[in-house]
Amino acid sequence: MPTTAPTAHALSDVTASDGSLRRFLHGLPGVDAVGLEARAASLGTRSIKTTAKAYAIDLAISMVDLTTLEGADTPGKVRALGAKAVHPDPTDRSAPATAAVCVYPDLVGVAKEAIAAAGGAGKVKVASVATAFPAGRAPLEVKLADVRAAVAAGADEVDMVIDRGAFLAGRYLKVYDEVRAVKEACGTSARLKVIFETGELSTYDNIRRASWLGMLAGADFIKTSTGKVAVNATPANTLLMLEAVRDFRAATGVQVGVKPAGGIRTSKDAVKFLVLVNETAGEGWLDPHWFRFGASSLLNDLLMQRQKLATGRYSGPDYVTVD
Amino acid sequence: MSDKTVKTERLSVFKTYKLYIGGKFPRSESGRVYEVSDSTGNWLANAPQASRKDARDAVVAARKAFGGWSGATAYNRGQVLYRVAEMLEGRREQFVNEVAAAEGLSKAKAAAVVDATVDRWVWYAGWTDKIVQVVGGANPVAGPFFNLSTPEPTGVVAVVAPQESSFLGLVSVVAPVIATGNTAVVVASEKAPLPALSLAEVLATSDVPGGVVNVLSGRTAQIAAPLAAHQDVNAIDLAGADEALAKELEIAAADNLKRVLRPQPVDDWFATPGIDRMTAFLETKTVWHTTGALGAAGSSY
């Protein structure tokens, strides 16, 4: 279900005013919800076995943003997480490292040190949520200060949340300007992930609009959710966002990454998402640089499946680390 | 129209026997079934033929249920098990028929088996809050300490149910496992799985939390092998495994030091079983507490 690709010329104009941005976003083709869900479901039925499964599991591990976003996060927990990100399976050093550790801004320094101590400096990134995560309800200045603090502490990636209130009220340019400002605050050192909180956008049309809006504003990654609401990443909304990044690259030549987050807990789910990526965006996105899983419990399940493939015996939670 | 014609015109309603995993009744993940016949070879029903993935799912369900079930008070577990006996009593006729067909018994003998089975549930229900006093207690030690031993459930127990005694034998091995707070993955008798699958329906309607007992039917050797090798299974009861299979399973079980209960010849399932099957899946935890009393020189409060 390809969207009609706007020309590059058209795209440079659309952000000129609130009106033109609205016209562009509302001019995007509507989403066939039934078709989208059916497509996502049918891609989920692919059977991935043996060597392909082993490859998929290792790829999925290398795409995990190992996340802890709790009020109760302690430096000790973040240190443990950092060590785990570098060596996910202490009993098997052939297990790949995860892509990143994702924490709150005040713990970026701790995460950075922990990763360096485990020998993963430069290999495992530190991502920080910012902009008054997860609600995003704070004045712009506060949000930008949040971002600057994270970047100053050494965050390689910044996960911002959009102002859903403004988006739902139709004030697209405000959202656009905010993403631009945050992108500027990230500078050249940090990649920007833009979280839409798809569970709060209520329609697939809105998710498509938000995806284009985020990409126009300079997002390096578009991300489904914070993991803090009832509905998080689903195959359907991720498929929709994968279509958006595919079409955006076709229109502008700029590649943007996708990160489903929240609710992906099993290897089976993760492999289904990889099938979606391959079949929608293409192989170009099958890389930790362009596709991530925002997850915490997923990693343990991937490791247990990995152990099962290696030994032929089903593994159990006693054989992976406790988060 | 006489009553007789009405009866002959009625279509038969066959029962689809299903697995019992995590409180739900799924078909086998493999989609396979196998034919179950009575003792004279007449077809009775198709039973699901569970695969190793069903076994894996059952272990996940059992592990999930373990915290709640082992954490429930012994008194509460006793009530729940007694409830199972009550529900079983209400479906006595059905079980008499199934046991008679499965084991080739007369109705009277099958009824005796079912009654003994109900009594067995009641017997184990009574044990839940007594076993701790019997096998645990305060130990005398040479120091100013309280030293207390308490039996604790082992965890997820795979149970290979007896092949011949499809109902009384089954309950005699499952009830002691769950009475003490373990959760169970049961491999039903390969030849006569129907009473076990019907028992699952009783468990589902008698306050036993989903996942505490999971029932799989199919080729015993096929299902038991992945269970014996499973790293998240803490113990295995080999009651229904023949000598060769038991040896193979015991070797596989050694890998993560599972507790293994070897097959033991049972001449008479009707006999009072004793507490051995309960203690087989209990681990003793011993703790030391200072008594709080000071030495001779101090105050005695």
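# Salt bridges and the chain A–chain B interface

B:Arg83 and B:Glu86 sit 3 residues apart in helix 3 (residues 74-90) of chain B, which is about one turn of the helix. The model is predicted. The exercises below start from this pair.

**Exercise 1.** Find how B:Arg83 and B:Glu86 interact, and state how far apart their closest N and O atoms are.

*Solution.*
- Step 1. Locate the pair: both residues lie in helix 3 of chain B.
- Step 2. Check the distance. The closest N and O atoms of B:Arg83 and B:Glu86 are 3.1 Å apart. The cut-off for a salt bridge is 4 Å, so the pair forms a salt bridge.
- Step 3. Check the surroundings. B:Arg83 has a relative accessible area of 31%, so this residue is partly exposed. B:Glu86, at 37%, is partly exposed too.

**Exercise 2.** Work out which parts of chain A the pair A:Glu178 and A:Lys143 ties together, and decide whether A:Glu178 is buried or exposed.

*Solution.*
- Step 1. Confirm the bridge. The two side chains meet in a salt bridge, with 2.7 Å from N to O.
- Step 2. Place the partners. A:Glu178 belongs to helix 9 (residues 172-186) and A:Lys143 to helix 7 (residues 140-152), so the bridge ties together parts 35 residues apart in sequence.
- Step 3. Apply the burial cut-off, under 20% relative accessible area. A:Glu178 has 5% relative accessibility and therefore counts as buried. A:Lys143 has 1% and is buried as well.

**Exercise 3.** Classify A:Asp247 and A:Arg246 as buried, partly exposed or exposed.

*Solution.*
- Step 1. Start from the contact: the side chains of A:Asp247 and A:Arg246 form a salt bridge at 3.2 Å, N to O.
- Step 2. Take the acid. A:Asp247 has 6% relative accessibility, so it is buried.
- Step 3. Take the base. A:Arg246 has 24%, so it is partly exposed.

**Exercise 4.** Trace the network of salt bridges that includes A:Asp65, and give the number of salt bridges over all chains.

*Solution.*
- Step 1. List the acids in the network: A:Asp65, A:Glu157 and A:Asp159.
- Step 2. List the bases linked with them: A:Lys193, A:Lys223, A:Lys259 and A:Arg292.
- Step 3. Widen the view. Over all chains, the structure holds 36 salt bridges.

**Exercise 5.** Describe the interface between chain A and chain B: its contacts, its buried area and its salt bridge.

*Solution.*
- Step 1. Count contacts. On chain A, 9 residues touch 10 residues of chain B.
- Step 2. Read the area. About 940 Å² is buried between the chains, and carbon and sulfur atoms give 47% of that. In chain A, the residues that lose the most area to chain B are A:Arg313, A:Tyr314 and A:Tyr319, together 65% of what that side buries.
- Step 3. Find the salt bridge. The count between the chains is 1. A:Arg313 pairs with B:Asp255, their closest N and O atoms being 3.0 Å apart.
- Step 4. Sort the chain A side. Its residues that touch chain B divide into 3 nonpolar, 3 polar and 3 charged.
- Step 5. Add the polar contacts: 3 residue pairs between the chains.

**Exercise 6.** Profile chain B by its helices and strands, its span, its burial and its contacts.

*Solution.*
- Step 1. Count elements: 11 helices and 10 strands.
- Step 2. Read the span. The C-alpha trace covers about 100 × 40 × 35 Å along its principal axes.
- Step 3. Assess burial. Of the 301 residues in chain B, 48% are buried.
- Step 4. Look at the contacts with a separation of 6 or more. Residues 24 or more positions apart account for 76% of them.
- Step 5. Finish with the surface. Chain B exposes about 14,400 Å², and carbon and sulfur atoms supply 55% of that area.

Conventions
Residues numbered from 1 in each chain as written. Chains lettered and ligands numbered in written order. Predicted model: local features only at pLDDT ≥ 70, side-chain atom pairs only at ≥ 80, totals over all residues. Heavy atoms only, no water. Helix = DSSP H or I, 4+ residues; strand = E, 2+ residues; numbered from the N terminus. Buried < 20%, exposed > 50% of the residue type's maximum accessible area, 1.4 Å probe, protein only. Contact = heavy atoms within 4.5 Å. Buried area = accessible area lost by both parts, 1.4 Å probe. Polar contact = N/O pair within 3.5 Å; in protein donor to acceptor, adjacent residues only side chain to side chain. Nonpolar A, V, L, I, M, F, W, Y, C, P; charged D, E, K, R; others polar. Areas by Shrake-Rupley, 256 points an atom, 1.4 Å probe, with all protein chains shown as cover.
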